[in-house]
Amino acid sequence: MSDKKYYVTTPIYYPSANFHVGHCYTTCIADALARYKREKGYDVFFLTGSDEHGQKIEDRAKKAGLTPKEFVDPIIDNAKDLWEALDISYDKFIRTTDPEHVECVQKVFQKLYDQGDIYKGSYEGWYCTPCESFWTESQLVDGKCPDCGRGVKLMKEDAYFLRLSKYQPQLEAYLEENRDLMQPESRYNEMVNNFLKPGLKDLCVSRASVKWGIPVTFDESQTVYVWVDALTNYISALGYLSEDDSNFQKYWPADLHLVGKEIFRFHTIIWPIILMALGLPLPKKVYGHGWLTIGGGKISKSSGNYKDPREFIRDYGTDTLRYFILSEVPFGSDGNFSELMMVERRNSDLANILGNLVNRTISMTNKYFGGHVDRMKAITDLDKEVIIQLNHLDKEVEAKIDALDIPGALEIVFAALKRLNKYIDETMPWALAKDEATRGRLNDVLYLILEGIRLCAIELKAFMPSTADKIFNILNTKYNTFDYTKVGVKMFDVVEKPEILFTRIDEAEVKARIEAEEELAKKAEHLPEITIDDFAKVELRVGQVLESRRHPEADKLLVSKIDIGYGDIRQIVTGIADKVSPEEFVGKKVIVVANLKPAKIRGVDSEGMVLVGEEDDKIDILLSNLEPGAKIH
């Protein structure tokens, strides 16, 4: 067993029936790091899981007519299925409903209470149910949750509190000496300036009104606050305070907590203080990465930009999706996900640079040497240049990995692959094959390209495991580990008919399909739900168009006089002049929003709104057989 340990975690995810590509981002990063460290000989423990307690789950389960556990079980199965589809190599998937976790949380809570770090009091403050976060009045933004922007409600109840204020000086001193704990640097400044310097208030760590959670053993009226429950998973998963804590002794402290920026403060303020109170060492690093967005907005089903990642995997393959999300986003910053961009990168990087290099090199090796080439006999200055780049590849990639620069690591590998493609153009193996006198040189050239492919595949294995294994099979080589990261294997006997790694995708076809899907989504869009009371505020009346003319300042607007009954004649501006002429509009009976607040539209007064139907760039005026003034209910 290696004496080098590496413990990497993702946050435990809130159970969602609709996983999107943003959920995959952190987990793919953690998986790439875990795979890389394993290949480097580390004893790795990679933890992920699900956060299943709290008010949100309780409310959603009740609405579905299920117990909370019945509600979350199939969702967790769905998450595990997605991780399997993405080749996620976790060592443990923890659920906060696991009995071992529940027991650990209760022991931690009891320990902190017994030593006076948790005390009973009364809580009054603002609570955001979606984020399951408490906020002070000063932290709210326009009276709403500063994280998600949604409404909060005032809560008042008996509760237990954790003495954050007691440990603030200790935490500040620790952070001053260990600035690397918070990464990137910008997150450090944010936590210190926005949370620590203003002063920490003691944290409410139990709820009386929430029943779906872990009970406080010494007070059955209270449930452990979900964030204390969730954060404890990092040590409960290792057997902390259990009969067998060997994994805790081996792996703690964590080498890396990977978290989204929206939960960074929980992991860098609350979690360290809990650990300090328990007398435990702090994690070595907490990295708060940005969000994967679509069109600059967060991905969600309600916003219409949601797509199940398994659809991308089905259409383009697991490694295409892994490669794109790992290479495209500058780590620590927000990044934009685009299906079309992913297809473009697949075609340019995976099909052209990597796939084409492998296919034509194997093809030439089979064509000219029956699949067998030997180690180089003579090395030119050009060869030396390529060999130096390849021999430095491993150290350069490792430096990027240690700096958590995943896109940078992939960029180095693909720079080497581009150099190999250029080397083919420079050496022209097809020309060397024409003369028996240059057969030796042809062997050397093909050998060096095959070696370059082998070395790049070793570096790619953590990021694109399936593709790397395919390449090793094509090369028919056992030299596929980090023990062999220098040019120099004895020979190659490649397969006769290699598998095509990446076929090209028709970008125009994909673009047309995406545009059609977006158009369909727009047509299916719904405005936010309203209540019957909201609808009752709208006064709809039948009106008859008496006269109509074009707006003097806008070609698409009609300015019309409309009789809405009982002597009430309104001037209403309507945006239908490109579909209906003023002459056609006169005499029509229409439905009018009669109580719309008057407004000026391009300088002309408008006292209502005419309702029309629209589909496929055509409109239909909503005619009525009723007389002007009749109400529409």
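## Strand S19 and its partners

In this predicted model, Arg541 of strand S19 has Lys631 in strand S27 as its bridge partner. The two strands, S19 and S27 (residues 631-632), pair in the antiparallel sense, and 2 bridges join them.

Strand S19, which covers residues 540-551, also pairs with strand S22 (residues 589-593), again in the antiparallel sense and over 5 bridges. Within that pairing, Leu540 is bridged to Val593 of S22.

A further antiparallel pairing links S19 to strand S20 (residues 554-563), in this case through 7 bridges. Gln544 has Asp563 of S20 as its bridge partner, and the two strands S19 and S20 form a hairpin in which 2 residues lie between them.

## Helices H1 and H12

Helix H1, running over residues 21-39, packs against helix H12, residues 318-328, at an angle of about 90°, and the axes of the two helices are 10 Å apart. Because angles of 65 to 115 degrees count as roughly perpendicular, H1 and H12 are described as roughly perpendicular to each other.

On the H1 side, the residues that make the contact are Val21, Cys24, Tyr25, Cys28, Ile29, Asp31, Ala32 and Arg35, while H12 contributes Leu321, Arg322, Ile325 and Leu326. Sorted by class, the contact of H1 with H12 comprises 9 nonpolar and 3 charged residues, with no polar residue present.

## Helices H4 and H10

Helix H4 (residues 99-114) and helix H10 (residues 264-278) form another packed pair, with an angle of about 65° between them and their axes 10 Å apart. That angle makes H4 roughly perpendicular to H10, and the crossing of the two helices is left-handed.

The residues that meet at this crossing are Val108, Lys111 and Leu112 from H4, and Ile274, Ala277 and Leu278 from H10. By class, the contact of H4 with H10 divides into 5 nonpolar residues and 1 charged residue, and no polar residue takes part.

## Summary of the arrangement

Taken strand by strand, S19 is paired in the antiparallel sense with S22, with S27 and with S20, the last of these being its hairpin partner. Among the helices, H1 is roughly perpendicular to H12, and H4 is roughly perpendicular to H10; the contact of H1 with H12 has no polar residues, and the contact of H4 with H10 likewise has no polar residues.

Note on methods. Residues are numbered from 1 along each chain as its sequence is written. This is a predicted model: local features need pLDDT of at least 70, side-chain atom pairs count only at pLDDT 80 or more; totals for chains, interfaces and linings use all residues. Side-chain values use heavy atoms; hydrogens and water are left out. Axes are lines fitted to C-alpha atoms, for helices over the stretch in contact, and angles run from 0 to 180 degrees between N-to-C directions. Helices (H or I, at least four residues) and strands (E, at least two) are DSSP runs, numbered from the N terminus. Angles under 35 degrees count as roughly parallel, over 145 as roughly antiparallel, 65 to 115 as roughly perpendicular and the rest as oblique. A crossing is left-handed if the near helix is turned anticlockwise from the far one by less than a right angle, and right-handed if clockwise. Contact means heavy atoms within 4.5 Å. Ala, Val, Leu, Ile, Met, Phe, Trp, Tyr, Cys and Pro count as nonpolar, Asp, Glu, Lys and Arg as charged, and the others, Gly among them, as polar. Two strands pair if DSSP finds at least two bridges between them.
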